[in-house]
Amino acid sequence: MATKTDRIMSLRAVRQLRHVRAFYAVGALLWAASTAWTGWQFPGSRQMWVSVLLLAIFTGLLLTASLWLQRLKTAAPAGPAHHAASRRTTASRHVHA
């Protein structure tokens, strides 16, 4: 069973990976547009190949972040960390006390 701090760290890691994945997705889209534009204007130029390289890097980073996020999601327990008392239980205690 995972401790409370392990669950908090896991949730924090998932949240950070979601932000990083979004950043890499935007970067990959921008470099894809840049590669298309440069390839259209200057096919075979050095600028086009640099743009292709940066697109490949951002795509690789996006895939890596997505894989890590998928692994963290499957490793996390499905249920909640604890169960709260129902309202009936707490209400009956206050009435009888």
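User: Which pattern does the protein chain follow when read along the sequence?
Analyst: In this predicted model, the protein chain has three helices and zero strands. Read along the sequence, the pattern is therefore written with helix symbols alone, given that helices and strands are DSSP runs numbered from the N terminus. The chain follows α-α-α.

User: What share of the 97 residues in the protein chain is buried?
Analyst: A residue counts as buried under 20% relative accessible area. The protein chain exposes about 8,100 Å², of which carbon and sulfur atoms supply 67%. Of its 97 residues, the buried ones make up 13%.

User: Which helix gives the largest share of the largest nonpolar core?
Analyst: The largest nonpolar core has seven residues: Val14, Leu17, Tyr24, Ala28, Phe58, Ala65 and Leu69. Two elements give two or more residues to this core, helix H1 (4-41) and helix H2 (46-75). The largest share, four residues, comes from H1.

User: Which residues does Ala28 touch, leaving aside those up to four places away in sequence?
Analyst: Ala28 is one of the seven residues of the largest nonpolar core. Contact requires heavy atoms within 4.5 Å. With residues up to four places away in sequence left out, Ala28 touches Leu55, Phe58 and Thr59.

User: What distance separates the C-alpha atoms of Gln16 and Leu69?
Analyst: Gln16 is found in helix H1, and Leu69 is among the buried residues of H2. Gln16 itself counts as partly exposed because its relative accessibility is 47%. The two residues are 53 apart along the chain, and their C-alpha atoms are separated by 9.5 Å.

User: How many Å does H2 reach from its first C-alpha to its last?
Analyst: H2 has 30 residues, and the span expected at 1.5 Å a residue is 44 Å. Its buried residues are Met48, Ser51, Phe58, Ala65 and Leu69. From first C-alpha to last, H2 reaches a value close to the expected one, namely 44 Å.

User: Is Ile57 buried, partly exposed or exposed?
Analyst: Ile57 lies in helix H2. With Leu53 and Leu61, Ile57 forms a nonpolar patch on the surface, and the three have about 250 Å² of accessible area together. Because its relative accessibility is 41%, Ile57 counts as partly exposed.

User: Among contacts between residues at least 6 apart in sequence, what share joins residues at least 24 apart?
Analyst: The Ala28 contacts with Leu55, Phe58 and Thr59 illustrate pairing beyond neighbours up to four places away. For the protein chain, the share is taken among contacts between residues at least 6 apart in sequence. Those joining residues at least 24 apart amount to 72%.

Key
Residues numbered from 1 in each chain as written. Predicted model: local features only at pLDDT ≥ 70, side-chain atom pairs only at ≥ 80, totals over all residues. Heavy atoms only, no water. Core = buried A, V, L, I, M, F, W, Y, C linked by side-chain atoms within 4.5 Å. Buried < 20%, exposed > 50% of the residue type's maximum accessible area, 1.4 Å probe, protein only. Areas by Shrake-Rupley, 256 points an atom, 1.4 Å probe, with all protein chains shown as cover. Patch = residues over 30% accessible without salt bridge, like charges linked within 9 Å, V, L, I, M, F, W, Y side chains within 5 Å. Salt bridge = Lys/Arg side-chain N within 4 Å of Asp/Glu carboxyl O. Expected span 1.5 Å × (residues − 1).
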